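Trainee: I would like to learn how to read single features off a structural model. Can we go through one together?

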Amino acid sequence: MIRVAVLERRGDFTLDAEFSSAGRVVALVGASGAGKTTMVNVIAGLIRPLRGQVEIDGVTLLDTEAGICLPPHRRGIGYVFQDGRLFPHLSVRGNLEYGWREDAALATPTEVIGLLGLERLLTRAPRTLSGGEAQRVAIGRALLAGTRLLLMDEPLSSLDGARKAELLPYIERLRDHVRVPIIYVSHAMDEVERLADQIVRLEAGRLAVQRA
């Protein structure tokens, strides 16, 4: 179960919204500037809001009224950004294993490599990967680092149609075979309808729709 409530102001913009989800994939949608990335950055611990609560499966990661604000590295959250952000000096295997803790991870590197079809890429450098390949590595790295939740902030937005079609089945496989909830941010309703079992829509920093 995920519970999130956030009040945050950035210049003239105010994010004041809350949602809860018991599903496997909750999609966070809305126009550019609606507050989606601010919301996921609060969940990840990259932004401390004016007021907020983040709870995952009964574990409180943030409660401003109670003075609780775990730093990002203690939240057990894996984050997949739009551009992958792989470490250029590490191989694919090195990127996957960065931050992996055997005592805390939900899957081993071998399991994630098989799940995402990365067997033939392990010795490659990030600069030699296609956009879709790089995002698969980024997803694998986030999964190995995150034990409570996977955040995916528009992970397909930088890819062309062919690369998106190539990557979507891997995200579906992740959804179906790994027992970790996912918050999936996207503008693309075709992706959302295919992947998510709950949709949360933000409009100008407010919750407009929450539906299963």
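**Reading the features**

Mentor: Start with Tyr79: at a relative accessible area of 15%, this residue is buried, since the cut-off for buried is under 20%. Keep in mind that the model is predicted.

Trainee: How many aromatic pairs does a search of the whole structure find?

Mentor: There are two such pairs. In one of them, the ring centres of Tyr79 and Phe81 lie 4.1 Å apart and the planes meet at 10 degrees, so this pair is stacked. Planes under 30 degrees apart count as stacked.

Trainee: Which charged ends sit over the rings of Tyr170 and Phe87?

Mentor: Over the ring of Tyr170 sits the charged end of Arg136, 4.6 Å from the ring centre. For Phe87 the partner is Arg141, whose charged end sits over the ring at 4.9 Å from the centre.

Trainee: Where do the residues that line the largest pocket come from?

Mentor: Two elements give two or more residues each to that lining: β7 (77-80) and α4 (131-145). The largest share, four residues, belongs to α4. In total 24 residues line the pocket, and Pro72, His73, Ile77, Gly78 and Ala145 lie nearest its centre. The space inside is about 650 Å³. By character, the lining has 13 nonpolar, five polar and six charged residues.

Trainee: Is helix α1 largely enclosed or open?

Mentor: Count its buried residues. In α1 (residues 36-44), eight of the nine are buried, so the helix is largely enclosed by the rest of the structure. Among the buried ones are Lys36, Thr38 and Asn41, along with Met39 and Val40. Just after α1 comes Gly45, with a positive phi of about 95 degrees.

Trainee: Which residues other than glycine have a positive phi near 50 degrees?

Mentor: Asp57 has such a value, and Ala204 does too. Asp57 is in the loop between β4 (51-56) and β5, and Ala204 is in the loop between β10 (198-203) and β11. Now check their accessibility: Asp57 is exposed, at a relative accessible area of 54%, and Ala204 counts as exposed at 60%.

Trainee: What does pLDDT say about the chain and its elements?

Mentor: Read pLDDT as the predictor's confidence in each residue. The chain averages 89, and 96% of the residues score at least 70. Among the elements, strand β5 (residues 59-63) has the highest mean, 97, and strand β11 (residues 206-211) the lowest, 80.

Key: Residues numbered from 1 in each chain as written. Predicted model: local features only at pLDDT ≥ 70, side-chain atom pairs only at ≥ 80, totals over all residues. Heavy atoms only, no water. Phe/Tyr/Trp six-rings, centres within 6.5 Å; stacked < 30°, edge-to-face > 60°. Buried < 20%, exposed > 50% of the residue type's maximum accessible area, 1.4 Å probe, protein only. Lys NZ or Arg CZ within 6 Å of the ring centre and 35° of its normal. 1 Å grid on protein atoms, 1.4 Å probe; cavity = no way out; pocket = protein on both sides within 12 Å on 5 of 7 lines; lining within 4 Å. Points joined across faces, edges and corners; volume = space filled by probe spheres on them. Nonpolar A, V, L, I, M, F, W, Y, C, P; charged D, E, K, R; others polar. pLDDT = per-residue confidence, 0-100.
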